Amino acid sequence: MRDLPYFLQPGGNVEGLKAVEVDPVMVFHYGVPSGCTKFACDTSQGILAVSTKDGRIKLFGPDSSQAMLQSDGAGPSKYLQAWDLENKILSHIYEFEREITAFEVLQRSLYVGDSAGNISVLKFDQDTSHLIQMKYTIPFAISHGDQNHLSPDSSVVRMLPQPTAESKRVLIIYKDGLITLWDIHQSKPIFSTSGNNLQTLHSERKQATSACWACPLGSKVVIGYNTGDILFWSIPGRTELALERGSQAGPICKLNIGYKLDKIPVSSIKWVHGDGRTSRLYIMGASDVVSTILMQVVLLNDHIESRTIKLGLQLPEPCIDMEIFSSTSEHNKHNQNLLLTLGKSGRVFAYDDSAIEKYLLQSQSKSSPSLPREVTIKLPSADSTISISKLIMNSDEAWTLNDELAQQAKHIPSLFALEKNAKEGTRSNFRGFSKSEGDFSLSGVTVTALCFDSNSRILVSGDKCGTVRIFKFKTEAYNSGSTKKGNNHLIDSVKVHQLNGTILSINISNNSGHIAVGSDQGYVSLIEVEGLRVLCTESIQSGISSGIIALQFASCSLHGFEKNMMVVATRDSSVLALDSDTGKTLSSGMVNPKKPSKALFMEVFMDGCTISSGRTAMNCSNPEQGLVLLCSEKAVYLYSLNQVVQGVKKVIYKKKFHSVSCCWASTFYGPAPGLVLLFTCGKIEIRSLPELSLLKEASIRGFTYSESSICSSQDGQILMVTGDQELYLFSILQQKNLCRLFESIGQVYLKNLNYQGRAEPLSIVPKEKKKGLFSSVFGETKSGKEKQALDLEREDPQESFEGLPAVFSTEKFPCEARDGANQAIDNDTRRNLHGEEDDTDLNIDDIDLEDFEEKPRGQNMFAGLNKKNLSSKFLTFKGKLKTAKAKNDKNGIKEEQQDEKVGAVDQIKKKYGFATSSESTTSAKMAENKLQEHLNKLQGISLKATQMQDTAMSFSAMAKELLKTAEQDKRSL
């Protein structure tokens, strides 16, 4: 153990690092995480949630608060996670037997729909912090009225509690297009639109893909389909339900904006309630379709007379989700509504909703409005991408929590401040600390190396073109109370040097007063700190790659004399020593591994001290001892410093990486020195020195090293910036002050905020105006009947939800119905739900073809004509006739086959003296004649039904012509 520094020896005066002393944890995450897949929004709390592919959930709250939720629990599809937002911990994971296709939160309860069409009700128990399934269920066989559980279209798409009556009724949309309004207290369907009729009227098979309310009263719902159809359906309130029950034959309005023509499935629909003139519908098509109309906004009101007012947003990339989010802050009292779109790349783009509203209104006038433009959500301090970073801590007291520091932490920039981000030149742009622009500015060249020394107050930067800039700070620059703005009062002097190649490494020595600079071409330059002149430049030639990745000043005993030197590491993992005064080589040869790999990090340890970038060189008690730590992609090596100076390879400790490659490494200093390693898969390893034994492991989800800039501090803080999108702060050691500092920033949930309900305020337009394209959709909103229904229906959220726990604790249906077993359903309920009459057989004798009377022609011939209802009845009647005819045809075929058999039997009967079939009773002959008579009558009925359907189509065409003529006459006036 003679070759080890005394302080690193296992029996030395300093104990080695222990596993209990390290706790790798992510302290704070800022920005948008990579791999985003889904949005969710809580309007009452003002919280936006973004989920990722790897199971993380990022929360954005009021006043720029942010929090990251992540766990190692179960994945999606069949698992439901419950999170404690106040403490940001996973409370419970609930497992389902089937795939979860939809869920809706209602106070402390939630509806969960599965792939079989069943809906379960769960509640969150505060005492146990667990999700508990209630006895209340909504079985598919009862709500849908169909016991066929093998259909792939039986899954639940959406569950929408009806506004103003959320605790009483919930609207259920199934994948096959059927819509059911479910009464929670009565536990039965009270209204339905028939999905079967929808499939019959159109040859293509429709599947519902998205839905949302299109009325603050909950009387209109808009549904998007996989065929590109967008249909509006009328949903009854309490007043309508008291007058009539049954089903709706068809939609009240159809929106055609190009999705159906291009066969683009509608993946998401959002509705924004306006003041009667500016209600808007945001529609997004499926991202796997190449089209220029994937995102459209439609103005919805009953004042549009001739054409649909819409806006097609030109998305920068195909998007997979969208959300309407209201961004608020303590400093900006004005709520800014944003349209957020999530691209396939994981990028988030924002549009100003007020700009979209303005465009839609101005598009109806003669003025040409400007198109709203998207803003990419990214780090507000990033000009483009961060190429190099440095984390410097002056003392352990820097993270001590105080009121002033906590108040400053709340003023972090907001990611959604579009008024700042949309303007050019408002983003932070680092141009270098210079008194004048000119030659001292960075001029957009990528910075590749940084070094800062707090004792000499010097910052040195190097860029891709070989330019080295040396900034010397003034003493007053360290005064935190300074109110001066800009950089001129910070800089005492600036010096620029031009060297060969891209600058890769920089180091400062206070003992020798030199700055060492290494480039990718193998050049090592020494610059004088005081005179700021280049002393010498030495070229290092290595076997594979000569790029200088690390430079460290050190001292050792050579031939009985103390010698100041500089240890150099090249990109191919070769190590050698140079004279720190002249730059000449001291080693007789390079020390390198048998299998070279890319070097990442080098550190020099002395007896009782460490000499490295940004740290003060202490007097070493025994300069004859020392270690050189070298980390590469494939292994970690500890060499003897004296052997390195002599050019002799002597490995003290070694650790190879077999399965994955290391991409970053650094040391930290707590109770004892330690080594942190980051791998390409996102795994973090904490190892002790010098044994390199594994102490702790952790992982970084969503990590991508190719786009990341990583740096660390002496006390175990790791800062990682991924492009211009997100920033991580990790702590290796247990530091309670640091965690408490970010607690205020991570408080996205306001515990004492009262629930305000979902229903938005209704704006009643006082004046009746002429009807337009959407009059059938929004006409009822302004009627006195609807207003009276609203006043009677609107409920107090606190009172209405108090009775739900008792309702949900009662089992309304047996387990067989819940599990989808073949159980009989009450015929009266099914008939009332689907508008069917009594299931009595069709008696053909009751049909008289001669009783059809032709009504006289006149102006009242269209008074009671309803094209959709008439067409639906004809199709239903015709279907019954076809079924009956098919049965008769089958009976005829069976009779022919039986006649052949009867002929042979008659011969045998006649031989033995028995009566033949021809001698059958008169009743049999009568039955045969009756059957033939029925067949002839059925053929006549079918012909008559076809004639009636053609007549109805002619009536429809005539009605359209009359309407067109009336509009022309109106315009001519």
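Analyst: Quick definition before we dig in: two strands pair if DSSP finds at least two bridges between them. Bear in mind that this is a predicted model.

User: Okay, what makes strand 3 and strand 4 a pair?

Analyst: The cut-off is at least two bridges. Strand 3 (residues 47-52) and strand 4 (residues 57-60) have 4 bridges, running antiparallel, so they pair. As one register point, Ser51 sits opposite Ile57 in strand 4. The hairpin they make has 4 residues between the strands, and Gly55 there takes a positive phi near 90°.

User: And how do you know that strand 4 pairs with strand 5?

Analyst: Again, at least two bridges are needed. Strand 4 and strand 5 (residues 66-69) share 4 bridges in the antiparallel sense, so this counts as a pair. Lys58 faces Met68 in strand 5. Here the hairpin has 5 residues between its strands, with Asp63 in the turn at a positive phi of about 55°.

User: Why is the contact of Lys270 and Glu323 called a salt bridge?

Analyst: The limit is a Lys or Arg side-chain nitrogen within 4 Å of an Asp or Glu carboxyl oxygen. Lys270 and Glu323 come in at 3.6 Å, N to O, so the pair qualifies. Lys270 is in strand 21 and Glu323 in strand 25, so the bridge ties together parts 53 residues apart in sequence. Across the whole structure, the search finds 15 salt bridges.

User: Why does Glu323 get its burial label, and what about Lys270?

Analyst: Buried means under 20% relative accessible area, exposed over 50%, partly exposed in between. Glu323 has 11%, so it's buried. Lys270 has 22%, so it's partly exposed.

User: What makes Arg280 and Glu357 a salt bridge?

Analyst: Their closest N and O atoms are 3.9 Å apart, and the limit is 4 Å, so they make the cut. Arg280 lies in strand 22 and Glu357 in helix 4, so this one links parts 77 residues apart in sequence. Arg280, at 3% relative accessibility, is buried, while Glu357, at 24%, is partly exposed.

User: How far apart in sequence are the parts that Asp724 and Lys378 tie together?

Analyst: Asp724 and Lys378 form a salt bridge, with closest N and O atoms 3.9 Å apart. Both lie in loops, and the parts they tie together are 346 residues apart in sequence. Asp724 is buried, at 9%.

User: Last one: why is Lys654 called partly exposed?

Analyst: Lys654 has 47% relative accessibility, and that falls between the 20% and 50% cut-offs, so partly exposed is the label. Lys654 is in strand 44 and joins Lys594, Lys595, Lys649 and Lys656 in a positive surface patch.

Note on methods:
Residues are numbered from 1 along each chain as its sequence is written. This is a predicted model: local features need pLDDT of at least 70, side-chain atom pairs count only at pLDDT 80 or more; totals for chains, interfaces and linings use all residues. Side-chain values use heavy atoms; hydrogens and water are left out. Patches are made of residues with over 30% relative accessible area and no salt bridge: like charges are joined within 9 Å, nonpolar side chains (Val, Leu, Ile, Met, Phe, Trp, Tyr) within 5 Å. Accessible areas come from the Shrake-Rupley method with a 1.4 Å probe; for residues, only the protein chains shown count as cover. Lys and Arg count as positive and Asp and Glu as negative; His and the chain ends are not counted. The place of a charge is taken as NZ of Lys, CZ of Arg, CG of Asp or CD of Glu. Helices (H or I, at least four residues) and strands (E, at least two) are DSSP runs, numbered from the N terminus. Buried means under 20% relative accessible area, exposed over 50%, partly exposed in between (1.4 Å probe, protein chains only).
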